[in-house]
Every structure is written in C-alpha cells, then in structure tokens.
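Take a moment to look over the sequence and the 3D view. This short tour goes from single residues to the whole chain and back again.

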Amino acid sequence: MYKEKSVLSLIPARAGSKRLPGKNLKVIAGIPLIAHTIEAARRSRLVDRIVVSTECPLIAAVAVEYGAEAPFLRPDDLAGDDASSEDVIRHALAELGQFDYVALLQPTSPLRVAATIDGCIAMCIDRVAHSSVTAYPLRHGGRKLLAIGENSGVLGRASMSDLPNNNLKEPFGAFQENGAVYVLDTRQFLASGQIIGAGSVGIEMSEWESVDIDFQADFDAAEALLLARK
C-alpha cells in the first residue's frame with residue numbers, strides 16, 4: 001500500500017501462444033517465464049496482492065507455487081486472441097472486489113525489476129494520473145509510439161510523422177511503448193474503459209529491461225541477459 005491506496009498486481013497469462021507455444025511456462029534462466037514476473041512483484045514494496053489471471057489450471061498451479069494467487073480461472077471467452085487487456089482487468093476486479101490501483105504486469109517482460117514497478121505506482125498515485133506507462137527511447141521505427149514530456153512525464157500518442165526533427169517538438173521525446181508495466185487508477189479506468197487516457201504519464205525504461213518475448217529469438221536474448229544479471 002502506498003499513501004493508503006490499495007494496489008493489485010495483476011499478471012495476465014493465458015495458455016495460448018501462436019508464435020512461441022507454451023511460453024508462459026517455458027523455463028528461462030532456471031524457472032518458468034511467469035515466475036520472473038511473480039518474483040519482481042513479490043519484491044515490490046507497494047503491491048498489496050499478486051494475482052495471476054489465467055484460464056489454464058497448470059499455469060494457476062505454477063503461479064501459486066512461486067508465490068502468487070490464482071483465486072479464479074478466466075472464462076474461455078477471455079482467453080482467446082481477441083480478448084483485450086481491458087476485458088481481463090474488468091473481469092479480475094469483478095472477481096476480487098475493488099482496488100484503488102491495478103499494476104498490470106505482463107509475463108513476457110522478465111527483466112522488469114521491482115524498483116520500476118514501484119516507480120510506476122508512486123508516479124501514478126502522486127500525479128493523480130489516469131495511468132503510468134513504461135517505454136524506452138525510440139531509436140528506429142516501431143509500433144505503439146508514445147510522446148513523453150522530458151520534465152513532466154506527461155504522455156501522448158505519437159506517429160512516425162511525429163518523430164524528432166519533424167512534428168514532435170521539445171520538450172517531448174519519442175518513445176516505444178514496451179508493455180512491461182501499466183499502473184492505472186481503477187476509478188478512472190472503469191469510467192473511461194481505457195488503460196491509457198487523458199492525464200496518463202510515461203516512465204522511461206532501459207532497452208535491456210524492456211525486452212519483450214514474442215519469438216524464440218526474444219526468448220534467447222532475454223535468457224542471456226537474465227543469466228548475465230545473476
């Protein structure tokens with residue numbers, strides 16, 4: 001808890017994965033992929049409860065083994081490719097009851113550390129922001145581009161035409177949304193239906209901490225970095 005605000009750490013982990021089958025339970029640097037995110041959440045000083053949302057009993061069992069809760073199984077209609085993060089968050093809140101804030105931690109970011117989670121939580125609460133979002137500096141073209149104010153952290157959507165030396169002017173910089181941490185004000189989220197809304201703020205992460213696993217090559221790179229960090 002931070003400033004008397006309750007914080008739920010929600011880890012979404014469905015069984016299906018077309019590009020890298022079974023990736024959430026795939027062993028990386030000695031433990032299942034999902035366990036790295038659970039361990040980071042457990043090291044957080046500001047998280048009150050760690051819950052894994054999954055439709056898979058095996059993932060639920062592994063989550064509990066590594067110190068998270070899996071008090072419900074997600075319905076099948078929220079486990080397909082079309083299920084949105086917003087739907088998963090709403091379902092979890094309906095199952096668990098109200099929390100002031102939700103920290104959404106995707107298990108495909110195993111290099112994310114507890115200090116980053118806590119920094120996002122503190123910034124969201126301190127700024128009374130809609131949400132706080134992690135990103136890394138854009139060095140080339142990409143997807144999910146963001147503009148982040150260098151001083152205030154205020155965040156907005158960007159496009160390729162907004163890159164530096166074009167339409168994106170100082171004091172903003174261009175960043176790539178990395179999906180590692182989303183902290184959202186539950187009240188504002190439920191009212192808007194959006195994870196990133198007006199009044200959201202962005203937090204810079206390093207590229208190495210931002211590694212997101214989608215393909216086998218990502219998995220291999222993340223494992224090398226995890227082993228080097230030990």
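## A hidden serine

Ser-200 counts as buried, because its relative accessibility is 0%, and buried means under 20%. Keep in mind as you read that this is a predicted model. Along the chain, you will find Ser-200 in the loop between α5 (186-192) and β10 (201-204).

What does the side chain of Ser-200 make a polar contact with? Its partner is the side chain of Ser-131, at 2.7 Å. The side chain of Ser-200 also reaches the backbone oxygen of Gly-197, at 2.9 Å.

## The chain as a whole

Now step back and look at the full protein chain. It has six helices and 10 strands. Of its 230 residues, 54% are buried. The chain exposes about 10500 Å², and carbon and sulfur atoms supply 51% of that area.

How much of the contact network links residues 24 or more positions apart? Counting contacts with a separation of 6 or more, such residues account for 73%.

## A covered strand and an enclosed helix

Strand β4 covers residues 49-53, and four of these five residues are buried, which leaves the strand mostly covered. Strand β1 (residues 7-12) pairs with β4 in the parallel sense, over five bridges. To find your way between the two strands, look for Leu-8, which stands opposite Arg-49 in β4. While you are looking at strands, here is a handy general point: in a regular strand, side chains alternate between the two faces of the sheet.

Helix α1 (residues 33-43) is largely enclosed by the rest of the structure, because eight of its 11 residues are buried. The buried residues of α1 include Leu-33, Ile-34, His-36 and Ala-40.

## A pocket beside the helix residues

How can empty space be found in a model? Rolling a probe the size of a water molecule over the atoms shows where empty space is left. The second largest pocket has a volume of about 160 Å³. Two elements, α1 and α6 (216-229), give two or more residues to the lining of this pocket. Helix α1 supplies the largest share of the lining, with four residues.

Among the lining residues are His-36, Glu-39, Ala-40 and Arg-43, together with Pro-110, Leu-226 and Lys-230. Two of the names in this list, His-36 and Ala-40, also appear among the buried residues of α1. Ala-29 is another residue of the pocket lining.

## Two residues with positive phi

Ala-29 deserves a second look: its phi is positive, about 55°, although the residue is not a glycine. Ala-29 sits in the loop between β2 (27-28) and β3 (31-32). With a relative accessible area of 6%, Ala-29 is buried.

Val-128 also has a positive phi, near 50°, and is likewise a residue other than glycine. Is Val-128 buried or exposed? It counts as exposed, because its relative accessibility is 57% and exposed means over 50%. Val-128 lies in the loop between α4 (114-126) and β6 (131-137).

## A link across the sequence

Finally, visit Asp-126, which lies in helix α4. This residue is partly exposed, with a relative accessible area of 41%. Leaving aside residues up to four places away in sequence, Asp-126 touches Tyr-2 and Lys-3.

Asp-126 and Lys-3 are 123 residues apart in sequence, yet their C-alpha atoms are 8.8 Å apart in space. Their side chains make a polar contact with each other, at 2.7 Å.

Terms used:
Residues numbered from 1 in each chain as written. Predicted model: local features only at pLDDT ≥ 70, side-chain atom pairs only at ≥ 80, totals over all residues. Heavy atoms only, no water. Buried < 20%, exposed > 50% of the residue type's maximum accessible area, 1.4 Å probe, protein only. Polar contact = N/O pair within 3.5 Å; in protein donor to acceptor, adjacent residues only side chain to side chain. Contact = heavy atoms within 4.5 Å. Areas by Shrake-Rupley, 256 points an atom, 1.4 Å probe, with all protein chains shown as cover. Pairing = 2+ DSSP bridges. 1 Å grid on protein atoms, 1.4 Å probe; cavity = no way out; pocket = protein on both sides within 12 Å on 5 of 7 lines; lining within 4 Å. Points joined across faces, edges and corners; volume = space filled by probe spheres on them.
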